[in-house]
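Subject: Structure for your review

Dear colleague,

Please find below the structure that I am handing over to you. A summary of what was found in it follows.

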Amino acid sequence: MNPHATADNADDDPGCFASDGEIDCLVELDLRGGDGIDGRDGNLIFSPRPANGADGRRGEDASPATAGRRAAAATLELTYPNQKSDSGAIAISGIAVASDGSSHPIDVTRVIGEQGYVFIRAVGGKGGNGGRGGNGQPGAPGSPGRDATRFSNGTDGGPGGDGGDAGNPSDGQPGGDGGDITLQIDHQHLGLLMLVTGDLSGGDIGFAGERGLGGQGGPGGPGGSSYHWTTTHRTGGKNGQTHTVHHSNPGGSTGRSGRDGAPSSYRAHDGNPGKNGRLRILVNGPDGVRTQYESPYYRERVPYLRTG
């Protein structure tokens with residue numbers, strides 16, 4: 001993600017809050033949500049069953065994907081070490097709460113140089129992609145017909161097996177929501193807000209799994225071969241003429257082919273993007289009253305922090 005990107009819609013809580021082109025990072029607070037797990041593709045069966053004319057099995061369904069995890073929410077206090085503005089450093093302390101409810105303390109101090117910023121990366125996890133439906137198994141070839149003999153005609157080949165229908169794909173899952181971040185700061189230390197930037201975007205979508213293909217129908221079995229023979233007959237006694245007669249019994253026809261299996265009956269859907277996180281600023285005033293500013297309206301009142 002580009003740390004200097006701006007939100008698509010300024011009326012919503014921003015996915016990103018921008019800096020003025022800083023390229024050096026004093027510290028990155030990684031509060032990202034975990035990515036979802038992709039669905040497993042259904043198994044593919046390439047070979048037909050060994051039995052003549054057997055129908056193919058249905059393809060395996062894809063396993064479900066999982067959603068992206070929400071980024072951690074955090075309440076962070078920005079101050080100078082020992083409350084001394086001439087210390088040349090920024091102190092960040094607070095608690096981050098992950099999507100599983102676990103708490104993680106944050107306590108960071110960094111020297112402020114000529115340039116650099118504090119980057120808060122609280123992007124939701126990407127949704128898992130759906131799995132592809134497994135292809136149906138091909139139908140087996142039909143049984144061969146029996147060859148003709150001198151005493152019988154050949155028989156037709158057996159029908160090919162039907163191809164198996166495809167298994168179904170699984171849906172893509174939603175991305176996790178971006179983290180909700182609260183910055184607490186004293187009115188005398190508002191200049192520290194100039195050092196803070198980050199990304200609170202919702203996680204990307206998980207894409208739908210692809211549909212599987214039906215198995216191909218098995219070919220019909222070959223018909224039995226025809227049979228040909230000759231007989232010889234003598235007429236007119238020992239010195240008479242010999243006549244040769246040709247005989248044949250027909251073979252059989254090729255059996256019908258099996259039908260192709262149907263493609264996946266279910267059309268999977270993409271997941272939804274996660275919601276952008278929310279940024280709040282709590283300023284402790286000189287009278288001890290704490291005032292809350294929320295994007296995008298805080299731009300007019302706290303000039304050091306912008307949405308873009």
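**Aromatic pairs**

Searching the whole structure, which is a predicted model, gives two aromatic pairs. One of them joins Tyr-117 and Phe-119, whose ring centres are 6.0 Å apart with 65° between the planes, an edge-to-face arrangement. Both Tyr-117 and Phe-119 are buried.

Tyr-227 and Trp-229 also form a pair, with centres 5.6 Å apart. Their planes meet at 35°, and the pair is therefore classed as tilted, since that class takes angles that are neither under 30 degrees nor over 60. Tyr-227 has a relative accessibility of 33% and so counts as partly exposed, because the partly exposed class lies between 20% and 50%. Trp-229, at 17% relative accessibility, counts as buried, because the limit for that class is under 20%.

**The hairpin that holds Trp-229**

Strand E9 covers residues 227-235 and strand E10 covers residues 241-249; the two are antiparallel and are joined by nine bridges. Within this pairing, Trp-229 has His-247 of E10 as its bridge partner. Five residues lie between the strands of this hairpin, and Gly-236 there has a positive phi near 85°.

**The surroundings of Ser-170**

Where does Ser-170 lie in the chain? Ser-170 belongs to the loop that runs between strand E6 (117-121) and strand E7 (181-186). Its relative accessibility is 7%, so Ser-170 counts as buried.

Which residues does Ser-170 touch, leaving aside those up to four places away in sequence? They are Gly-39, Ala-62, Ser-63, Pro-64, Ala-65, Gly-130, Gly-131, Ala-208, Gly-209 and Ala-268. For Gly-131, a further detail is available: its backbone nitrogen is 2.7 Å from a polar atom of the Ser-170 side chain.

**The chain as a whole**

The protein chain contains twelve strands and one helix. Read from the N terminus, the order is β-β-β-β-β-β-β-β-β-β-β-β-α, with the helix after the strands. The chain has 308 residues, and 42% of them count as buried. Its accessible surface is about 16400 Å², and carbon and sulfur atoms supply 46% of that area.

How much of the contact in the chain links residues 24 or more positions apart? Among contacts with a separation of 6 or more, such residues account for 78%.

Yours sincerely,
A colleague

Note on methods:
Residues numbered from 1 in each chain as written. Predicted model: local features only at pLDDT ≥ 70, side-chain atom pairs only at ≥ 80, totals over all residues. Heavy atoms only, no water. Helix = DSSP H or I, 4+ residues; strand = E, 2+ residues; numbered from the N terminus. Buried < 20%, exposed > 50% of the residue type's maximum accessible area, 1.4 Å probe, protein only. Contact = heavy atoms within 4.5 Å. Areas by Shrake-Rupley, 256 points an atom, 1.4 Å probe, with all protein chains shown as cover. Phe/Tyr/Trp six-rings, centres within 6.5 Å; stacked < 30°, edge-to-face > 60°. Polar contact = N/O pair within 3.5 Å; in protein donor to acceptor, adjacent residues only side chain to side chain. Pairing = 2+ DSSP bridges.
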